[in-house]
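Me: I would like to go through the terms used for this structure one at a time, asking in each case what justifies the word.

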Amino acid sequence: MQEVAASNIYISRRGDQRPDDPLISLIVPAFNEAEVIGHFLKATRPVLEATGHAYEYVFVDDGSRDETANILSRELKNGLPGRLLGLSRNFGKEAALSAGLEAAKGDIAIIIDADLQDPPELILQMLDGWRAGYDVVYGLRVDRSSDTILKRSTAGMFYRLFNRLANIDMPANAGDFRLIDRVVIDALLRLPERNRFMKGLFAWVGFPAMALPYERPPRKAGTGKFNYWKLWNFALDGLTGFTTLPLRVWFYGGALVSLGAFAYALYLTLRVFAHGIDVPGYASLMVALLFFSGVQLLSIGMIGEYIARLFNEAKQRPVFIVQDVIEGAPTSRPTRLADEKSDAR
C-alpha cells in the first residue's frame, strides 16, 4: 500500500476508535449490466463473507433497459442482503454514486463497478488500511493495458492538467473503486452542488487516504458505456467544477492581445508619419480579423460553460430521482441508522 497522507495523531486516533464489527455497504452503480451481474455476485459474495462482518449491497439501477433490474430483484428476493434503487431514468454515473451514498447504511462504504475491472479481492486489503486509521483507501490503477492507447493517453493528460489548474490534488489513475468511512460519506452528502464530479469531490473533502495499487483487468462481460464524447464532457465538468483558471486565462490573454494591438497601432502611426500613407494588405487584414474573432468566440464559449453551470445550480433540481426501492434480506445486525434511532429514543 502507498500512504498518501503522512502518519499523524489523527490516523492513530481513528485507528483506535474503529468499531470491531462494522457494517459494510457495497455500492454498485449499474447501467445495462445484465451480462456481467451474475459474475459480479459470484465474485463479491465470498469476499464479503470472508471479512467476517455484516454487509449489504446497494445497487443503483441507472435507468437500465435490459434485464439488470429483473436479475437483481430476483437475487434480493432469494436472500441477497441489501437493496436496489431504481432511478426514474439514466442520470449518469455521478448521480448514481450520489444515490448510493445516500442510501448506504454502513459504517463503511465500498464503491465498485459491476464489470469486475476492479478486483473484489482487494476489499480485504482496503479493510486493513481502514483499521489502520485511514478514512479513504482507493484503488490506484498501475496497469491500464485493457484500455485503448487513446484513452490511456487522454486520461493521463487530463489528470496532469487537472492537478495543475485545480486547488486540490487528485491522484492520477485513481478511479471510483475505493473504501470510505462514514465520516467521509457524511461530508460528501453535505455538498449541495448539482454538477457532481465525484473523483474531484473525493479529493476535495480530504481525510487521511491510502493508495492501493492494482492492475486493471479487462471487463468480465458486456461492453463499456462511456464513449469519447461522454469522457470529454466528463473532463470538462471536472475542470470547470474545481477551478476558475480558464476564465483568468482569457482575462490575461485579452489583456495581452490588447497590449499587442496598442503596440501595433503605435507602430502604424509612427510609420505613417515617417513614410506616408500606404494601403494595408488584404491577406494580413483577413488573418488578423479571423484570428481575433476566433479568440473572442473561444473566450465567450468558456464563459458560457461557467454560466451554464450556474444556471443548473440555480434551478436546484435534484441530482437524481428514485422511482422505486426493492429491499432484500436484512443484514445480520441492526444498521447504523437503526442504532441512531434507538439512541434518540
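Me: What makes the meeting of the side chains of Asp 181 and Arg 14 a salt bridge?

Reply: In this predicted model, the side chains of Asp 181 and Arg 14 come to 2.7 Å, N to O, and because a salt bridge asks for a side-chain nitrogen of Lys or Arg within 4 Å of a carboxyl oxygen of Asp or Glu, the pair is called one. Asp 181 belongs to strand E7 (residues 174–181) and Arg 14 to helix H1, so the pair ties together parts that are 167 residues apart in sequence.

Me: Why is Asp 181 called buried?

Reply: The relative accessible area of Asp 181 is 6%, and since buried means under 20%, the word applies to Asp 181.

Me: Which residue other than Asp 181 meets Arg 14 in a salt bridge, and at what N to O distance?

Reply: Asp 135 does, with the side chains of Arg 14 and Asp 135 meeting at 3.1 Å, N to O. This pair links distant parts of the chain, as Arg 14 sits in helix H1 (residues 9–16) while Asp 135 sits in the loop between helix H5 (122–131) and strand E6 (136–143), 121 residues apart. Asp 135 has a relative accessibility of 3% and therefore counts as buried.

Me: What makes Arg 83 and Glu 56 a salt bridge, and where do the two residues lie?

Reply: The closest N and O atoms of Arg 83 and Glu 56 are 2.9 Å apart, and the limit is 4 Å, so the name salt bridge is earned. Arg 83 is found in strand E4 and Glu 56 in strand E3, so the bridge ties together parts that are 27 residues apart in sequence. Both ends can be set against the 20% limit for buried: Arg 83 has a relative accessible area of 7% and is buried, and Glu 56, at 1% relative accessibility, counts as buried.

Me: What makes Arg 14, Arg 18, Asp 135 and Asp 181 one network?

Reply: These four residues are joined by salt bridges that share partners. A search of the whole structure finds 11 salt bridges.

Me: How do you know whether His 53 is buried or exposed?

Reply: His 53 has a relative accessible area of 13%, and because the limit for buried is under 20%, His 53 is buried. His 53 is placed in the loop between helix H2 (34–50) and strand E3 (55–61).

Me: What makes the pairing of His 53 with Asp 21 a polar contact?

Reply: The side chains of His 53 and Asp 21 are joined at 3.2 Å, which falls under the rule that N or O atoms be within 3.5 Å, one able to donate a hydrogen and the other to accept it. A polar contact of 3.0 Å is also made between the side chains of His 53 and Arg 131. Leaving aside residues up to four places away in sequence, His 53 touches several residues, among them Pro 22, Ile 24, Leu 48 and Leu 127.

Me: Why is H2 called roughly parallel to H3?

Reply: H2 and H3 pack at an angle of about 25 degrees, with their axes 9 Å apart. Angles under 35 degrees count as roughly parallel, and that makes H2 roughly parallel to H3. The contact is made by Ala 34, Ile 37 and Leu 41 of H2 and by Thr 68, Ile 71, Leu 72 and Glu 75 of H3, and the crossing of H2 and H3 is right-handed.

Me: Which residues of H3 are buried, and what do they pack against?

Reply: In helix H3 (residues 68–77) the buried residues are Thr 68, Ile 71, Leu 72, Ser 73 and Leu 76, and the elements they pack against include strand E2 (24–30), strand E4 (82–87) and strand E9 (322–327).

Me: What makes H4 oblique to H7?

Reply: Helix H4 (residues 93–103) and helix H7 (residues 182–189) pack at an angle of about 125 degrees, with their axes 10 Å apart. Because 65 to 115 degrees counts as roughly perpendicular and over 145 as roughly antiparallel, an angle of about 125 degrees leaves H4 oblique to H7. Ser 98, Leu 101 and Glu 102 in H4 meet Ile 185, Leu 188 and Leu 189 in H7.

Conventions. Residues numbered from 1 in each chain as written. Predicted model: local features only at pLDDT ≥ 70, side-chain atom pairs only at ≥ 80, totals over all residues. Heavy atoms only, no water. Helix = DSSP H or I, 4+ residues; strand = E, 2+ residues; numbered from the N terminus. Buried < 20%, exposed > 50% of the residue type's maximum accessible area, 1.4 Å probe, protein only. Contact = heavy atoms within 4.5 Å. Axes fitted to C-alpha atoms, helices over the stretch in contact; angles between N-to-C directions. Left-handed = near helix turned anticlockwise from the far one by under 90°.
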